[in-house]
Amino acid sequence: MNDTTKPRCKTDFRLPTYQDRGQGTEPCVRCGAPITHRTAQRWVHMVEGGGALLHPDDEALYQSGDGDMYWFPIGADCARSIGLEWSIVLEKEPHERHDETPL
Ligand SMILES: [Zn+2]
């Protein structure tokens, strides 16, 4: 198996102190803090049932399956902490958020 054909995934993105504080909206995937403004929001593609993030550059290598959780918001500071290359910026919520890649 050649690893270059596999999409890069990140499994250590969630803080041990993660606590869902979204208060009815989806919280930041890393820390659980509420995300208040939805403009120019960063998004991550969560896979493996929520256990990993898919690298946006490797979308073409990823075969969607049961573990595909699609797109979730991440706070700006958290996006920086895990590496900005792991998230994409969209001005508004992905149009086909739970169906396809919003690119
Ligand atoms: Zn966060």
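In this predicted model, strand S2 is mostly covered, with six of its seven residues buried. Strand S2, which spans residues 41-47, therefore serves here as the starting point for describing the pairing of strands and the nonpolar core, a residue being counted as buried if 20 or more other C-beta atoms lie within 10 Å of its own.

Strand S2 pairs with three strands in turn, described here one by one. With strand S4 (70-74), S2 runs antiparallel, and five bridges join the two; within this pairing, Trp-43 stands opposite Pro-73 of S4. Strand S5, made up of residues 88-90, pairs with S2 in the antiparallel sense over three bridges. Here Arg-42 has Val-89 of S5 as its bridge partner. Strand S3 (52-54) is likewise antiparallel to S2 and is joined to it by three bridges, and Leu-53 in S3 is the bridge partner of Met-46. S2 and S3 form a hairpin with four residues between the strands, in which Glu-48 takes a positive phi near 55°.

The largest nonpolar core comprises 17 residues, and those with the most contacts inside it are Val-29, Trp-43, Val-44, Met-46, Leu-53, Phe-72 and Ile-74. Two or more residues of this core come from each of strands S2, S3 and S4 and from helix H1 (76-82). S2 supplies the largest share, four residues. Leaving aside residues up to four places away in sequence, Val-29 touches Phe-13, Arg-14, Val-44, Met-46, Phe-72 and Ile-74.

Terms used: Residues are numbered from 1 along each chain as its sequence is written. This is a predicted model: local features need pLDDT of at least 70, side-chain atom pairs count only at pLDDT 80 or more; totals for chains, interfaces and linings use all residues. A nonpolar core is a set of buried Ala, Val, Leu, Ile, Met, Phe, Trp, Tyr and Cys residues joined through C-beta atoms within 7 Å. A residue is buried if 20 or more other C-beta atoms lie within 10 Å of its own, exposed if 12 or fewer, and partly exposed in between; C-beta atoms are placed from the backbone. Two residues are in contact if their C-beta atoms, placed from the backbone, lie within 7 Å. Two strands pair if DSSP finds at least two bridges between them.
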